[in-house]
Amino acid sequence: SLTASGPKAYVDTTFTVTIQTTAAVGQLVSAVDAFVDFDPTYLEVVDADPDTEGVQIADGVSLTTHLNNVVDNDAGTIDYSAGKLSSPPSGSFPVATITFRAKADTGATPTPITFSLSGTRTSMAAYSGSAYGGTHVDSSAAITFDVPLSLLPAANDVTVGQVFPVT
């Protein structure tokens, strides 16, 4: 599944989406291929590893062999593959984390963040080379120009009717 850190994002701020397996309790997972699509008009991936050429997402810790981690912000694609040959994890766990920067207001319709499920970009979880069936849960981001604003008094104690500066 793709799980967003919040229901709304603001233009020029960042938010995260976690790629998570939803395997049954005790079901071993030795590999995950996650191919994610997003609209580059509204979103761009923030590089998790600036010391490595290109743009990458943040690796998870459960699958320790990272095979592919390629982001194309122009095309709106993420291709991520990781695995673990000995003592693979089981059940539900985070695979990787995507940090997006919100670029533009989406208006009334959130922008989708989806798994690719066809062709050479088929997202799947597997054990010993056999893919698991199941459902893929996509996400979306509602992006707005509205900025949350908190006005705090300059002093801790304010009485009714008192005029005070705000910062």
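The following dialogue explains how to read several features of this predicted model.

User: Which side chains along β10 point to one face and are buried, and which point to the other and are not?

Analyst: The general idea is that in a regular strand the side chains alternate between the two faces of the sheet. In β10, T111, I113 and F115 share one face and are buried. P112 and T114 point to the other face and are not buried.

User: Is T114 buried, exposed or partly exposed, and what is its relative accessible area?

Analyst: T114 lies in strand β10, which covers residues 111-115. Its relative accessible area is 22%. Buried means under 20% and exposed means over 50%, so T114 counts as partly exposed.

User: Which residues does T114 touch, apart from those up to four places away in sequence?

Analyst: T114 touches L2, F35, V36, D37 and D138. Of these, D37 deserves attention, as it is 77 residues from T114 along the chain, yet the C-alpha atoms of the two are separated by 5.3 Å.

User: In what sense do β4 and β10 pair, and over how many bridges?

Analyst: The strands β4 and β10 pair in the antiparallel sense, over 3 bridges. Within this pairing, D37 stands opposite T114. Strand β10 is also joined to β15 by 3 bridges, and these two strands run antiparallel. There, P112 of β10 stands opposite S140 of β15.

User: How is an aromatic pair to be read, and how many does the structure hold?

Analyst: A pair of aromatic rings is described by the distance of the centres and the angle of the planes. The structure holds 2 aromatic pairs. One of them is formed by F38 and F100, with 5.2 Å centre to centre and 70° between the planes. An angle over 60 degrees counts as edge-to-face, so the pair of F38 and F100 is edge-to-face. The pair links distant parts of the chain, with F38 in strand β4 (residues 31-38) and F100 in strand β9 (residues 94-102), 62 residues apart. Ring pairs link F15, F38 and F100 into a cluster.

User: Are F38 and F100 buried or exposed?

Analyst: F38 is buried, at 5% relative accessibility. F100 is buried as well, with a relative accessible area of 0%. The contacts of F100, leaving aside residues up to four places away in sequence, include T13, T14, F15, V17, F38, I78 and I113.

User: Which residues of the largest nonpolar core touch the most other members?

Analyst: In soluble globular proteins, nonpolar side chains tend to be buried together. Here the largest nonpolar core has 30 residues, of which I19, I57, I78, I98, F100 and I113 touch the most other members. The elements giving two or more residues to this core are β3, β4, β5, β8, β9, β10 and β15. Strand β9 gives the most, with 5 residues.

User: Which residues have a positive phi although they are not glycine?

Analyst: Most residues other than glycine have a negative phi, and most peptide bonds are trans. Among the residues that depart from this tendency in phi are D12, with a phi of about 70°, and S128, with a phi of about 50°.

User: Where are D12 and S128 found?

Analyst: D12 is found in the loop between β2 and β3, and it is exposed, at 57% relative accessibility. S128 is found in the loop between β13 and β14. S128 also counts as exposed, at 57% relative accessibility.

Notes: Residues numbered from 1 in each chain as written. Predicted model: local features only at pLDDT ≥ 70, side-chain atom pairs only at ≥ 80, totals over all residues. Heavy atoms only, no water. Helix = DSSP H or I, 4+ residues; strand = E, 2+ residues; numbered from the N terminus. Buried < 20%, exposed > 50% of the residue type's maximum accessible area, 1.4 Å probe, protein only. Contact = heavy atoms within 4.5 Å. Phe/Tyr/Trp six-rings, centres within 6.5 Å; stacked < 30°, edge-to-face > 60°. Core = buried A, V, L, I, M, F, W, Y, C linked by side-chain atoms within 4.5 Å. Pairing = 2+ DSSP bridges.
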